Amino acid sequence: RKPLIPYEEIGAEKLSELIDLFYSKVAVHPDLYPIFPDDLTETARKQKQFMTQYLGGPNLFSEEHGHPMMKARHMPFPITPTRAEAWLSCMAEAMDEVELDENIRDFFFRRLVLTAKHMVNKEDDQ
Ligand code: HEM
C-alpha cells in the first residue's frame, strides 16, 4: 500500500490525546517527574507542535520556536539511559491505551526509540 503521511493517518485529535496521556504518566513516573515542570500544560503544547512536524504534518514547532535542535534543547536536563527508558515506557503505555493502528504504532515507536537514545547526555548515577 502507498505510504501516507503518518500525521494524517493518526489525526490531530488522536495525537493530542496520546500526548496528554503520555504527560499524565510522566507526571507520576519516579524517574521523570523530578526533572519536569510541575505544570506540564506548556510542555504538552510544545510536544504536540513538535510531534505534528516529526510525523510529516505542518511545521508548527519551528514556526513558533525556530529550528527544533532537540538534543540542544535537552542539554539543560540530565537525560540518562534510565530516563530515556522511562520516557519510552510512558509512551508505549500511552500508545497502547489510545489504541494506535498497529503499523503506525510500530513505525512511530521505533523512531522514538532512536530519538530518545540520541537525547541521552549523561551516564546513570552509580
Ligand atoms: C522538553 C525530558 C525525550 C521532545 C523536555 C523537557 C524535559 C524533557 C525535562 C523540558 C520540559 C519543559 O521545560 O517544559 C526528556 C527526557 C527524554 C526526552 C527525559 C528521554 C529520552 C524526548 C523525545 C522527544 C522530546 C524522544 C521527541 C521525539 C521534547 C520537546 C520538548 C521537550 C518537543 C519541548 C522543547 C521546548 O521547550 O521547546 N523534554 N525528553 N523529548 N522534549 Fe523531551
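Which loop does Met69 lie in? I looked this up and found Met69 in the loop between H4 and H5. I note here that the model is predicted.

**Entry: the loop between H4 and H5**

I checked the backbone of Met69 and read a phi near 35 degrees, which is positive although the residue is not glycine. Most residues other than glycine have a negative phi, and I marked the place for that reason. I then asked whether Met69 is buried or exposed. Met69 counts as exposed because it has 10 C-beta neighbours inside 10 Å, and the limit for exposed is 12 or fewer.

Pro68 is found in the loop between helix H4 (60-65) and H5. I counted 15 C-beta neighbours inside 10 Å for Pro68, so it is partly exposed. Leaving aside neighbours within four places in sequence, I found Pro68 in contact with Phe50, Phe61 and Ser62. I also took a distance from Pro68 to Thr80: the two are 12 residues apart in sequence, and their C-alpha atoms are 20 Å apart in space.

**Entry: the ligand**

I went next to the residues around the ligand. There are 23 of them, and Thr43, Phe50, Ala84, Trp87 and Ala116 come nearest. The elements giving two or more residues to this shell are helix H3 (41-54), helix H5 (70-74), helix H6 (81-98) and helix H7 (102-119). Which element gives the most to the shell? I found that H3 does, with six residues. Sorted by class, the shell holds 14 nonpolar, five polar and four charged residues.

Phe50 turns up twice in my notes: Phe50 is one of the residues that come nearest the ligand, and Phe50 is in contact with Pro68.

**Entry: helix H6**

I looked at H6 by itself. H6 has 18 residues and reaches 26 Å from its first C-alpha to its last, close to the 26 Å expected at 1.5 Å a residue. I listed its buried residues as Arg83, Ala84, Trp87, Cys90, Met91 and Ala94. Seen down the axis of H6, these buried residues fall within an arc of 125 degrees, so they line one face of the helix. In an α-helix there are 3.6 residues a turn, so residues three or four places apart point the same way. What do the buried residues of H6 pack against? I found H2 and H7 there.

Two of the buried residues of H6, Ala84 and Trp87, are also among those that come nearest the ligand.

**Entry: helix H2**

I did the same for H2. Its 15 residues should span 21 Å at 1.5 Å a residue, and its end C-alpha atoms are 21 Å apart, which agrees. I noted Leu15, Leu18, Ile19, Phe22 and Val26 as the buried residues of H2. They line one face of the helix, because down the axis of H2 they fall within an arc of 95 degrees. What covers them includes helix H1 (6-10), H3 and H6.

I also looked up Ser24, which is found in helix H2. Ser24 counts as partly exposed because it has 13 C-beta neighbours inside 10 Å. From Ser24 I went across to Cys90, which is 66 residues apart from it in sequence and 8.9 Å apart in space, C-alpha to C-alpha.

**Entry: the nonpolar core**

I then turned to the largest nonpolar core, which has 14 residues. Those with the most contacts inside this core are Leu15, Leu18, Ile19, Phe22, Cys90, Met91 and Ala94. The elements that give two or more residues to the core are helix H2 (12-26) and H6. I followed Cys90 further: not counting residues up to four places away in sequence, Cys90 touches Phe22, Lys25, Val26 and His29.

**Entry: the loop between H6 and H7**

I ended after H6, where Glu99 follows with a positive phi, near 55 degrees. Glu99 lies in the loop between H6 and H7. I counted 9 C-beta neighbours inside 10 Å for Glu99, so it is exposed.

Leu100 is also placed in the loop between H6 and H7. Is Leu100 buried or exposed? Leu100 is buried because 20 other C-beta atoms lie within 10 Å. I found that Leu100 touches Ile10, Met95 and Arg105, with residues up to four places away in sequence not counted. The C-alpha atoms of Leu100 and Glu123 are separated by 32 Å, and the two residues are 23 residues apart along the chain.

Terms used
Residues are numbered from 1 along each chain as its sequence is written. This is a predicted model: local features need pLDDT of at least 70, side-chain atom pairs count only at pLDDT 80 or more; totals for chains, interfaces and linings use all residues. A residue is near a molecule or strand if its C-beta atom, placed from the backbone, lies within 6 Å of it. Helices (H or I, at least four residues) and strands (E, at least two) are DSSP runs, numbered from the N terminus. Ala, Val, Leu, Ile, Met, Phe, Trp, Tyr, Cys and Pro count as nonpolar, Asp, Glu, Lys and Arg as charged, and the others, Gly among them, as polar. A nonpolar core is a set of buried Ala, Val, Leu, Ile, Met, Phe, Trp, Tyr and Cys residues joined through C-beta atoms within 7 Å. Two residues are in contact if their C-beta atoms, placed from the backbone, lie within 7 Å. The expected span of a helix is 1.5 Å times one less than its number of residues. The arc is that of the directions from the helix axis to the C-beta atoms.
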